[in-house]
Amino acid sequence: MEEAEEFTFSSAEPGETERIAAIFARQLQGGEIVTLRGVLGAGKTLFAAAMIRELGVAEPVLSPTYVLQRSYGTSAGLTIHHMDFYRLSGTDDLEALGVDELSTDDSIVLAEWPERCPGAFGEITAQVTLDVMSEQGRSITFRLGVLPFERDGFARAASTLKPDLRKP
Ligand SMILES: Nc1ncnc2c1ncn2[C@@H]1O[C@H](COP(=O)(O)OP(=O)(O)O)[C@@H](O)[C@H]1O
Ligand SMILES: [Mg+2]
């Protein structure tokens with residue numbers, strides 16, 4: 001990812017992760033691809049669900065682990081594709097999902113376990129990594145790519161968050 005810029009925050013409990021996810025979600029306007037990394041139980045789905053709710057989806061957000069992908073319509077008319085590649089068995093599945101066609105100017109792609117299918121996406125807007133620091137403690141790193149993210153808006157909004165000083 002060229003010109004990557006990093007922000008790392010610490011979260012002491014699930015509600016804090018949800019607040020960080022909401023601040024991040026508010027910067028999205030459509031056309032973004034966001035990947036979510038971290039071990040099982042790190043909080044990828046919790047983070048994605050908080051983003052989806054913040055974008056104005058009233059229906060319950062369920063984990064896409066077993067179905068690979070779920071889509072939601074937002075109040076602003078965008079479509080969010082929430083996917084989870086954990087159980088992906090090969091490139092056939094990937095083709096069946098049509099990942100290539102899912103990213104459009106009026107969609108947002110959120111993908112858990114992107115490392116299971118390297119190269120599935122084009123330009124990634126932001127890579128979010130959740131690291132487990134303790135039972136409830138998480139370190140959340142945003143690695144921002146180039147387009148079309150509101151980088152300045154996020155930096156401003158994120159200035160109210162708690163930076164994780166444990167990370168360089
Ligand atoms: N600070 C935190 N941030 C996110 N999740 C947390 C935190 N502390 C505890 N948890 C718990 O960790 C679990 C994360 O689950 P989930 O989001 O399904 O993980 P993943 O999708 O990464 O496998 C949830 O049960 C959540 O309540
Ligand atoms: Mg998950």
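Start by selecting helix H1, residues 14-25, together with H2, residues 44-54, in this predicted model. Their axes come within 8 Å and cross at roughly 50°, which makes H1 oblique to H2. Look at the hand of it too: H1 passes H2 in a right-handed crossing.

Now show side chains where the two helices touch. On the H1 side, pick Pro14, Thr17, Glu18, Ala21, Ala22, Phe24 and Ala25. Over on H2, the contact residues are Leu46, Phe47, Ala50, Met51 and Glu54. Colour them by character and you get 9 nonpolar, 1 polar and 2 charged.

Stay on H2 and switch to burial. Which residues of H2 are buried? Select Lys44, Phe47, Ala48, Ala49, Ala50, Met51 and Ile52. To see what surrounds them, bring up H1 and then the strands: the buried residues of H2 pack against H1, E2 (33-37), E3, E4 (79-84), E5 (107-112) and E6 (126-132). Just past the helix, click on glycine 56, which follows H2 and has a positive phi, near 90°.

Next, ligand 1. The shell around ligand 1 holds 16 residues, and those that come nearest are Thr17, Gly43, Lys44, Thr45 and Leu46. Which elements give two or more residues to this shell? They are H1 and H2, so keep both helices on screen. By character, the shell around ligand 1 divides into 4 nonpolar, 7 polar and 5 charged residues.

From there, move along the chain to leucine 68. You'll find leucine 68 in the loop between H2 and strand E3, residues 69-73. Is leucine 68 buried, exposed or in between? Leucine 68 has 18 other C-beta atoms within 10 Å, so it ranks as partly exposed; buried would take 20 or more. Add leucine 97 to the selection and put a distance label on the pair: leucine 68 and leucine 97 are 29 residues apart in sequence and 8.2 Å apart in space, C-alpha to C-alpha.

Finally, zoom out and go to cartoon view. The protein has 5 helices and 7 strands, and from the N terminus on its elements run β-α-β-α-β-β-α-α-β-β-β-α. Colour by burial and buried residues make up 33% of the 168 residues. If you have a contact map handy, open it alongside: among contacts between residues at least 6 apart in sequence, 68% join residues at least 24 apart.

Key
Residues numbered from 1 in each chain as written. Chains lettered and ligands numbered in written order. Predicted model: local features only at pLDDT ≥ 70, side-chain atom pairs only at ≥ 80, totals over all residues. Helix = DSSP H or I, 4+ residues; strand = E, 2+ residues; numbered from the N terminus. Buried ≥ 20, exposed ≤ 12 C-beta atoms within 10 Å, placed from the backbone. Axes fitted to C-alpha atoms, helices over the stretch in contact; angles between N-to-C directions. Parallel < 35°, antiparallel > 145°, perpendicular 65-115°, else oblique. Left-handed = near helix turned anticlockwise from the far one by under 90°. Contact = placed C-beta atoms within 7 Å. Nonpolar A, V, L, I, M, F, W, Y, C, P; charged D, E, K, R; others polar. Near = placed C-beta within 6 Å.
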